[in-house]
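User: I would like to learn how to read a sheet and a core in a protein model. Can we take them in turn?

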Amino acid sequence: MTKTPVLVIAAHPDDEVLGCGGAIALHRDAGDPVTVVIATRGRTAEDSQSGQPQFTYTAAAMKVLGVSDFRFLGFPDQKMDTFGLTEIITPLEEVVRDVRPRIVYCQSGGDINHDHHVLFRAALVALRPQEEFLQSVFTYDTASSTEWAYPRTFIPDTWLDITRSLERKIAAMACYEPELRPFPHPRSCEALRHRAAAFGSMSCMAAAEIFMTVRRVLRNGQTPV
């Protein structure tokens, strides 16, 4: 069976889990190779409540989801707008050419966090449909960022059933313990369960993640499924 290379693009360590941790686990269940690229290393040790830099928790989270290929671009947290866009596009393009993904998941450009917005703009260029291997590009909902933005431009068109992978998503997020907040904050494990249930109920599923399609390209006689 042909496997589908998947690329997940995130601004900060934990965004990848918040936005599409369930999808990542399902892809790995199917045997799809998944690469996670994180633009920044997140909070420094000085800024973290735990005294440990945020990126140090990523390995444990990726192990829960079954991902061995995760990479950091090394940009400073909350300062991506201080770089020229081409400085972000260039390393992203290198990852895209290396991974040759068919499916890409990325931050939403309408999020309240400005790093997300900058990264999305760079990703749009790095993911131009000039490469034939690129098939689908989706943006994902990031708890405590997407829903807090205004105007609200994230309009989902795809609901993915993550009933089988929800608990792995929660366990992966728990690896980022310093980033968690007490319920009812949306970045709490309990709130993430409620969120998945609410998204799922929109399409009569027990739990779901939602996505907005940026582009879907069908080539060589492919038809929609």
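**Reading the sheet and the core**

Analyst: We start with one pair of strands in this predicted model. S4 and S5 run parallel and are joined by 5 bridges. Within that pair, Ile103 stands opposite Ser136 in S5.

User: How do strands pair in general, and in what order do the 7 strands of this open sheet stand?

Analyst: Strands of a sheet pair through backbone hydrogen bonds, in a parallel or an antiparallel way. Here the order is S3-S2-S1-S4-S5-S7-S6, with mixed pairing.

User: Why is one side of strand S3 and of strand S6 left without a neighbour in the sheet?

Analyst: Strand S3 (69-75) and strand S6 (158-161) are at the edges and have a single partner strand each, so one side of each has no neighbour in the sheet. On average, neighbouring strands are turned by 25 degrees against each other, direction ignored.

User: Which strands does H2 touch where it packs on the sheet?

Analyst: H2 touches S2 and S3, and its direction makes about 150 degrees with that of S3. Helix H3 (residues 85-99) lies across S1, S2 and S3 and runs at about 165 degrees to S3.

User: Now the core. How many residues does the largest nonpolar core have?

Analyst: In soluble globular proteins, nonpolar side chains tend to be buried together. The largest nonpolar core here has 35 residues, and Val8, Cys20 and Tyr105 are among those with the most contacts inside it. H1 gives the most to this core, 7 residues.

User: What is Tyr105 in contact with, leaving aside its neighbours within four places in sequence?

Analyst: Its contacts include Val8, Cys20, His27, Phe138 and Phe211. Apart from this core lies another, of 24 residues, including Met80 and Leu119.

Notes. Residues are numbered from 1 along each chain as its sequence is written. This is a predicted model: local features need pLDDT of at least 70, side-chain atom pairs count only at pLDDT 80 or more; totals for chains, interfaces and linings use all residues. Side-chain values use heavy atoms; hydrogens and water are left out. A nonpolar core is a set of buried Ala, Val, Leu, Ile, Met, Phe, Trp, Tyr and Cys residues joined through side-chain atoms within 4.5 Å. Buried means under 20% relative accessible area, exposed over 50%, partly exposed in between (1.4 Å probe, protein chains only). Helices (H or I, at least four residues) and strands (E, at least two) are DSSP runs, numbered from the N terminus. Contact means heavy atoms within 4.5 Å. Two strands pair if DSSP finds at least two bridges between them. Axes are lines fitted to C-alpha atoms, for helices over the stretch in contact, and angles run from 0 to 180 degrees between N-to-C directions.
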